[in-house]
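The exercises below ask you to follow strands, charges and burial through a protein model. Try each task on the structure before you read the worked solution.

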Amino acid sequence: MKRLTIKKLIIMDYKEKKAQSFQFDDHINIITSKMSSTGKSSLIKSIFYSLGFDIKKFPNEWNSNQMLFKEYIDIDGNEHSILRNKNYFKVDNEKIFSYKDYAKWLASQMDFELEIQLSKSKRFESVYPTEMLLMNYIDQDKSWDGYLYKNVSDSLNRYGSSKAVKEIVDYDLGISNKEIIQLKDKKTSFNKQKKDKESELTTLNKLNDDFKSKYEENVVPIDLEKVKKDLENQKVQMEISNKEINKSYSKIHNIRSKISIKFQDIEELNKIKNQNANRIKKISNKNGECSYCHSKLTVEQSLSRLELNNNIFDIQFDILKKQNELNLLKKEESSLQKELDSKIKKFDVLGNEEKFAKDKSNMDKYIDIQVSKEIQRKYSNQITNSLEEIEQTKKEINKLSYQISKLNKQMNNKKREIITYFDEQLTELSINLSEPKISNIKFGDFKEIEGSGTENNRAILGAYLSYFRTLNCYGNHQFPFGLDSVIKTEIDGVSLNEIYKAVEHYFLELDNQIFFVALEENLDSIKTNYKKIELTKPILSTHKYDELLKEMSSWLE
Amino acid sequence: MSDNNGGAIAIKGFDFQAMTVVFFAVKNINDDNFNVYIESEEDFTLNKAEDKAYVQVKSMALSVKKLTKISKKAKKSILEKNLEAGNEGEYLIYLKEMAKQDLNQMERVDDSFIKDDAYVFSDSQRLEIISQFKKDKVDKSIVERVQKSRVFVSKFLDNLNDARIYMIGLMNDNQIDITDNRANLALNELFILIHEKAEYIVKKGHERRDYEKKKLTSKDLGHIFTKTKSRDYFKDFLEDTNYSFLQKEKIKRAREVLFTEYYSARKNMDKVFSSYDLDDDCTSNELIEKMKSKLDNDESNYGDCERFVKIALIIDYISERAANL
């Protein structure tokens with residue numbers, strides 16, 4: 001357990017050019033003055049302000065914003081200096097921290113690991129010095145309004161102050177540690193995971209049911225092997241048919257090319273025939289005269305004509321022969337065409353068989369079902385996975401629940417012990433302060449303590465003292481205790497003998513370093529001679545300014 | 001390959017009279033001195049070295065009485081017209097038919113132009129004719145010629161098919177060995193020739209020249225038949241070669257344009273091969289190749305001829321030589 005002790009405080013008003021230095025005892029320090037409004041509260045506020053406490057209200061003449069505070073502290077034998085101006089800090093004369101960074105530094109020094117959930121962002125954030133010192137400092141102006149701790153500082157507002165007070169008290173006393181919060185956090189996250197998985201599972205189940213119903217609706221008994229065989233047969237038949245068609249095409253092509261050649265031949269023969277016929281006309285005109293040699297009725301003419309006529313005869317004969325061949329080819333072509341037509345028809349019939357169409361439709365259905373089954377299978381796998389994951393998550397949650405409950409049990413045991421102790425303190429204080437109201441206070445209950453006047457004041461004091469004592473006994477960190485007066489407004493001449501006796505007995509005997517503020521006149525009731533810091537007005541001195549400026553010089557660097 | 005395949009040649013210009021001229025020409029084809037002078041189609045003169053005959057053709061059935069009957073148009077009888085055709089030979093009336101009663105009385109004689117089946121009038125018939133002539137006041141010199149008058153009854157009828165079949169048979173009898181269709185072609189040519197000669201008019205001052213033009217000689221006829229025969233030979237010779245079917249087709253095709261496209265090249269063949277021995281002991285192809293190498297060397301005359309034209313020229317030449325043997 002870390003113990004923090006404040007060794008010395010230097011306060012410097014750099015506008016007024018006044019300053020003062022205060023040395024503190026490691027244990028009890030009683031800040032006192034003969035007159036009220038001398039500056040006792042300003043000092044104790046400054047002591048805790050220098051540590052980082054967010055003081056809600058300083059006295060009017062105390063302009064903390066134009067002041068430098070340098071506090072020398074000791075944490076388990078390690079000395080540090082903390083220099084504060086407004087919300088800027090300089091630790092050990094080194095670099096300047098923001099308020100947040102300083103808070104982290106202090107938390108790490110004191111092993112103060114509390115994180116509280118922010119009310120706006122729901123983020124958990126490490127606490128500021130105010131929260132660390134919440135139970136340790138009782139402010140005269142803000143701690144006596146009937147609410148314990150809650151209104152002492154604006155720093156708590158970010159969490160929602162009532163909840164924060166309870167969490168801080170539990171943490172300080174070690175009955176709500178980070179572990180449980182983390183475990184709860186983890187559990188929350190697992191629960192969210194489980195919820196997500198369950199919602200996913202619902203969707204998967206619905207989809208799965210959809211496909212399942214589709215599959216059930218369309219069960220088509222199909223002999224896949226038979227369809228396959230039929231299709232193969234058909235394929236083979238179509239291939240054969242196709243080959244046949246190609247054969248016919250090639251034959252027709254062949255015949256057509258032959259026909260074309262015959263046509264050309266016949267055309268050529270006709271040309272030659274005409275050539276010969278034209279030549280005959282030239283052999284003799286009406287008068288039997290040759291167009292070339294002008295001879296008449298010669299045997300040459302006759303022989304030429306005979307020659308040409310013979311040619312024509314031969315050609316005509318060839319033409320007829322070719323014509324016959326052509327006719328035969330055409331006949332063959334037409335029969336091949338018929339054959340081809342019937343083959344194509346057969347092919348078309350093969351391709352369009354009704355049975356095939358039916359098989360195809362069955363096939364489509366079959367494939368559809370197979371696909372549905374496959375999808376369903378995937379969904380089913382996913383469902384299994386989801387179920388397994390949910391089961392796993394449930395196990396984790398159970399494990400966490402067990403751990404949480406175990407820790408809670410431990411905490412509860414400790415808590416019960418603390419409550420018992422706390423109640424004992426209350427009972428004793430109730431008797432010693434002659435205030436039965438005190439015994440009505442309950443541990444961990446930070447509701448308003450109703451009532452007014454000194455009765456109410458005693459009850460609140462009883463509560464604070466009980467918490468101080470419990471904290472002293474069970475707390476995890478030893479920050480200094482600060483108690484600014486025992487009542488809200490110190491009135492001169494009112495006998496507070498009973499109260500001071502109780503303070504001495506129940507507060508000043510605690511182990512922590514203690515700062516207690518009291519009017520000098522009241523100190524008569526306190527028997528033991530503790531270290532007193534006697535203040536006279538003004539507490540800051542212009543004489544001291546130059547002397548202390550050196551010590552504050554690091555701020556100026 | 002038979003010529004009887006499909007394309008029978010239609011014979012143009014057939015008439016009974018022209019066929020009669022052909023009949024006489026074929027009958028006398030082997031007589032080098034034979035010729036026929038065609039005055040008109042039904043009126044022509046047959047000539048031989050020693051003999052002469054004036055022929056009158058009538059494509060009708062006649063009797064002796066009808067022969068002497070004066071026609072209104074000609075103002076003369078058929079017989080009289082025949083007898084006044086000339087004065088140095090025989091007088092022949094060629095009839096489609098003769099009244100049987102008359103024919104039976106007539107006497108069969110050998111005729112120098114026809115060899116057989118000619119008839120002369122019986123004495124009684126002759127008297128009957130003479131008395132008719134006298135009645136008709138026919139010239140005495142003409143009447144005397146009745147002695148030399150003969151009648152021939154046609155062996156063929158006045159229709160083409162009958163005449164054609166008879167004529168082909170007659171040709172074969174006279175060693176004119178040509179196929180049916182070729183014969184038709186030859187007949188066609190003869191008919192054309194006969195029509196032309198018949199219609200040819202002898203001009204004054206050109207009598208000698210024109211006389212020759214109206215003559216059809218046995219030589220002319222021989223040329224026509226030789227030409228016809230050579231066409232068959234061409235086919236036979238080509239068949240005998242071992243060219244492929246397509247090559248033979250090409251050669252045939254070339255043959256058909258020889259006259260129209262290679263006339264002078266063909267004519268020149270006679271000069272090139274006049275003294276060439278075609279009986280060389282070699283195959284048809286070898287013979288053709290030998291002859292072709294000669295043509296191949298003759299760039300100036302045969303440079304334009306491609307292979308199959310040359311072969312066609314050679315075979316055609318060989319066929320003609322063979323037909324002339």
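**Exercise 1.** Find the bridge partner of Lys90(A) in strand 7 of chain A, and then describe how strand 6 of chain A is paired.

*Solution.* Begin with Lys90(A), whose bridge partner in strand 7 of chain A is Ile96(A). Strands here are DSSP runs of E with at least two residues, helices are runs of H or I with at least four residues, and both are numbered from the N terminus; two strands pair if DSSP finds at least two bridges between them. Strand 6 of chain A and strand 7 (residues 96-97) of chain A meet this with 2 bridges in the antiparallel sense. They form a hairpin with 4 residues between them, and Asp92(A) in the turn has a positive phi of about 50°.

Next, look at the partnership with strand 5: strand 5 (residues 78-85) of chain A pairs with strand 6 (residues 88-91) of chain A over 4 bridges, again in the antiparallel sense. Within this pair, Ile82(A) has Val91(A) of strand 6 as its bridge partner. The hairpin of strands 5 and 6 of chain A has 2 residues between the strands, and Lys86(A) takes a positive phi near 55° there.

Before going on, note that the model is predicted, that local features need pLDDT of at least 70 and side-chain atom pairs pLDDT 80 or more, whereas totals for chains, interfaces and linings use all residues. Residues are numbered from 1 along each chain as its sequence is written, chains are lettered from A and ligands numbered from 1 in the order in which they are written, and side-chain values use heavy atoms, with hydrogens and water left out.

**Exercise 2.** Which strands stand at the edges of the open sheet of 5 strands in chain A?

*Solution.* First write down the strand order, which is 10-12-13-3-14 in chain A, with parallel pairing. Strand 10 (137-138) and strand 14 (531-535) of chain A stand at the edges, and because each has a single partner strand, one side of each is left without a neighbour in the sheet. Then turn to strand 3 (residues 28-33) of chain A, which runs parallel to strand 13 (residues 514-519) of chain A and is joined to it by 6 bridges. In this pair, Ile28(A) has Ile514(A) as its bridge partner.

**Exercise 3.** How many residues of strand 4 of chain B are buried, and which strands pair with strand 4?

*Solution.* Start from the whole chain: chain B has 15 helices and 8 strands, and 54% of its 325 residues count as buried. Buried means under 20% relative accessible area, exposed means over 50%, and partly exposed lies in between (1.4 Å probe, protein chains only). In strand 4 (residues 90-98) of chain B, 7 of the 9 residues are buried, so this strand is largely enclosed by the rest of the structure.

Now take the partners in turn. Strand 3 (residues 52-62) of chain B pairs with strand 4 of chain B in the parallel sense over 8 bridges, and Tyr54(B) stands opposite Tyr91(B) of strand 4. Strand 7 (residues 149-153) of chain B also runs parallel to strand 4 of chain B and is joined to it by 5 bridges, with Ser149(B) as the bridge partner of Tyr91(B).

**Exercise 4.** Is Lys214(B) buried or exposed?

*Solution.* Locate Lys214(B) in the loop between helix 9 (207-213) and strand 8 (215-217) of chain B. Its relative accessibility is 2%, and therefore Lys214(B) counts as buried. By contrast, Lys66(B), placed in helix 2 (residues 64-67) of chain B, counts as partly exposed because its relative accessibility is 45%.
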